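Reader: I'm a first-year student and still learning how to read these pictures. Could you pick out one stretch and take a close look at it with me, step by step?

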Amino acid sequence: MRIGVFSVIFQDLPFEQALDRILTYGATAVEIGTGGYPGSHHCNMTELLASEVKRNAYLKAVEDRGMIISAFSCHSNPISPNKQESRDADELIRNSILLAEKCGVPVINLMSGLPAGSPGDTMPNWVTCPWPPHFLEILDYQWNQVAIPYWQGVSKFAQDHNVKIGIELHPGMLIYNVETMLRMREACGPAMGANFDPSH
């Protein structure tokens, strides 16, 4: 087992200096943000996807320190009712999967996202209980018309590229506890798993 650190907490440092700082804490695994909410301070994904030379140099900086990249992180909202936001998030997730495959990184970590409560809504709607009855209608729309179809496609894409998806169980997201995680995993298959964050 390795102790890992999310490099975003050292986003004020250049990549290699951040790795050196992480090593001082005895950690030898690093999770790196590729964009979205965590930002991409230590990962120029466009450059790394395009150039094997740059990718090898990037990985060498990690390996020379006896470290591994445990995951790429791309938290965002790919099922947002804001179409531009959802398109950007989907592109980020798929590119993160491709980069993970090229770099031999086993997992991308993200959040499930949160849809609107109905097709005409413009803001996400977080429902956490089944009553009054209109909440069941919202949940049916969110799960069966938006989230499950979306995540089935992304799960298949990840599986095709030998990458697993770790979902952070987080308040304000459609997947926020074990019950909702298991529901999505049952619908989407074993490429999806939970990323438990003890800080929440």
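**Helices and what surrounds them**

Author: Let's start with Glu63, which you'll find in helix H3, residues 52-63. Before going on, a word on the ground rules: this is a predicted model, so local features are reported only at pLDDT of at least 70 and side-chain atom pairs only at pLDDT 80 or more, while totals for chains, interfaces and linings take in all residues. Numbering starts from 1 along each chain as its sequence is written, and side-chain values use heavy atoms, with hydrogens and water left out. Helices (H or I, at least four residues) and strands (E, at least two) are DSSP runs numbered from the N terminus.

Glu63 is exposed, at 54% relative accessibility. Here, exposed means over 50% relative accessible area, buried means under 20%, and partly exposed is in between (1.4 Å probe, protein chains only). Thr28 is 35 residues away from Glu63 along the chain, with 9.7 Å between their C-alpha atoms.

H3 also helps cover another helix, H1 (residues 15-24), whose buried residues are Phe15, Ala18, Leu19 and Ile22. Looking down the axis of H1, those residues fall within an arc of 100 degrees, so they line one face of the helix. (The arc is that of the directions from the helix axis to the C-beta atoms.) An α-helix has 3.6 residues a turn, so residues three or four places apart point the same way. Along with H3, the cover over the buried residues of H1 includes strand E1 (4-6) and strand E2 (29-33). Right after H1 comes Gly26, with a positive phi of about 85 degrees.

Ile22 in H1 gives us a jump to the part I'd like to look at longest. The C-alpha atoms of Ile22 and Ile148 are 37 Å apart, with their positions 126 residues apart along the chain. Ile148 belongs to helix H5, residues 134-160, and is buried, at 13% relative accessible area. Setting aside neighbours within four places in sequence, Ile148 is in contact (heavy atoms within 4.5 Å) with Trp143, Met184, Ala187 and Cys188.

Two of those names turn up again in helix H6 (residues 178-188), where Thr180, Met181, Met184 and Cys188 are buried. These cover an arc of only 100 degrees around the axis, which puts them on the same side of H6. Turn to the face away from that buried side and you meet the exposed residues Glu179, Leu182 and Glu186. The N-terminal end of H6 is capped by Asn177, which has a side-chain oxygen 3.3 Å from the backbone nitrogen of Glu179. That pair is judged as a polar contact: N or O atoms within 3.5 Å, where within protein one must be able to donate a hydrogen and the other to accept it, and residues adjacent in sequence count only if both atoms are side-chain atoms. After H6 comes Gly189, with a positive phi near 100 degrees.

Back in H5, have a look at Gln142. Gln142 is buried, with a relative accessible area of 0%. Leaving out residues up to four places away in sequence, the residues that Gln142 touches include Leu114, Pro115, Asn125, Val127 and Leu174.

Val127 and Leu174 also help line the second largest pocket, together with others including Trp143, Asn177 and Thr180. A pocket is found on a 1 Å grid over the protein atoms alone: it is an open set of points where a 1.4 Å probe fits, with protein on both sides within 12 Å along at least five of seven lines, and lining residues have an atom within 4 Å of a point. The volume of this one is about 210 Å³, counting the space filled by probe spheres set on grid points joined across faces, edges and corners. H5 and H6 each supply at least two of its lining residues, and H6 gives the largest share, 3 residues.

Finally, the loops on either side of H5. Pro132 sits in the loop between strand E4 (107-110) and H5, and the peptide bond from Trp131 to Pro132 is cis, with omega near 5 degrees. Asn162 lies in the loop between H5 and strand E5 (164-168). Though not a glycine, Asn162 has a positive phi of about 60 degrees, and is exposed at 67% relative accessible area. Most residues other than glycine have a negative phi, and most peptide bonds are trans.
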